[in-house]
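Me: I would like a close look at a single part of this model. Please keep the answer connected and stick to what can be computed from the atoms.

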Amino acid sequence: MTTVILPFRKWPIQIDEAKGISYYVVKPLLIVTLNPEGKEHLGPLVPFYAEIDTGADLTVFPGHVAESLGFNITEGTPKRISGIGGSVLCYAHRIGLTIEYPEKPDFFRPSFSGLAYFSNELNKLPWGLLGEDILSQMKMKLSIDYKNLFIELTY
Amino acid sequence: MTTKMKPIDMGKIVKEHRGKWVAIVDTGQSAKVVVSGNTRKQVQRKCKELGIERPIITHIPSQLVVYVL
């Protein structure tokens with residue numbers, strides 16, 4: 001059994017230029033690497049931020065991540081995904097995804113192979129959303145401790 | 001008793017690179033921008049020139065947005 005403790009990332013949501021006051025949220029952002037599924041040793045490994053989003057049914061990344069993986073994004077299966085603010089056109093591609101711990105390179109890391117969704121309409125979103133489709137397949141216990149500000153993964 | 005963990009502060013990155021594409025080296029303890037530019041391809045090319053391996057290349061929004069996704 002492996003337990004890993006990871007930090008939150010503090011992200012400003014409002015900056016007062018005159019007073020220099022920022023309002024922040026703390027986000028459960030992980031570093032993940034993506035690869036074209038089955039080609040981990042041949043294809044590119046693309047690191048990106050992924051927010052743990054247990055409210056999202058599906059995992060979605062900006063389209064430029066698919067491009068970095070060597071996919072022609074529109075060759076994937078199209079699917080319109082809805083959120084509270086509207087919907088975006090996404091394309092499904094088969095990927096491998098691994099949660100990374102840069103400071104612990106020798107640790108065994110949770111990983112996933114299967115479909116993820118990519119949208120060029122999300123290209124300016126700084127992170128992807130790690131949804132329940134992938135989280136539930138990773139067979140790990142996930143704790144988000146907002147009191148002590150850490151994410152705990154046990155698997 | 002559990003020790004409180006200090007979050008990695010992304011504030012400086014966001015304040016200094018709004019509207020830009022950035023390459024971030026994130027060690028899991030801190031994060032810093034190593035290349036900044038107007039396009040993703042420009043940033044990718046510069047990273048390659050500098051020999052920076054596998055940075056996180058992302059876009060910093062020009063307007064701070066509150067997300068409810």
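Which residues point one way from β5(A) and which the other way, and are they buried or exposed?

Reply: The model is a predicted one. In β5(A), Val46(A), Phe48(A), Ala50(A) and Ile52(A) point one way. Pro47(A), Tyr49(A) and Glu51(A) point the other way. In a regular strand, side chains alternate between the two faces of the sheet. The residues on both sides of β5(A) are all buried. Because seven of its seven residues are buried, β5(A) is largely enclosed by the rest of the structure.

Two strands of chain A pair with β5(A). One of them is β4(A), residues 29-36, which runs antiparallel to β5(A) and is joined to it by six bridges. Within β5(A), Pro47(A) has Thr33(A) standing opposite. The other is β10(A), residues 128-130, which pairs with β5(A) in the parallel sense over three bridges. Here Ala50(A) stands opposite Gly128(A).

β5(A) also takes part in the contact between the chains, to which chain A gives 33 residues and chain B gives 27 residues. On the side of chain A that touches chain B, at least two residues come from each of β2 (9-16), β3 (21-27) and β5 (46-52). The largest share, seven residues, is supplied by β2(A). By class, this side of chain A consists of 21 nonpolar, seven polar and five charged residues.

At the contact, β2(A) runs parallel to β1(B), residues 8-9, and two bridges join them. Lys10(A) stands opposite Asp9(B) in β1(B).

Methods:
Residues are numbered from 1 along each chain as its sequence is written. Chains are lettered from A and ligands numbered from 1 in the order in which they are written. This is a predicted model: local features need pLDDT of at least 70, side-chain atom pairs count only at pLDDT 80 or more; totals for chains, interfaces and linings use all residues. Two residues are in contact if their C-beta atoms, placed from the backbone, lie within 7 Å. Helices (H or I, at least four residues) and strands (E, at least two) are DSSP runs, numbered from the N terminus. Ala, Val, Leu, Ile, Met, Phe, Trp, Tyr, Cys and Pro count as nonpolar, Asp, Glu, Lys and Arg as charged, and the others, Gly among them, as polar. Two strands pair if DSSP finds at least two bridges between them. A residue is buried if 20 or more other C-beta atoms lie within 10 Å of its own, exposed if 12 or fewer, and partly exposed in between; C-beta atoms are placed from the backbone.
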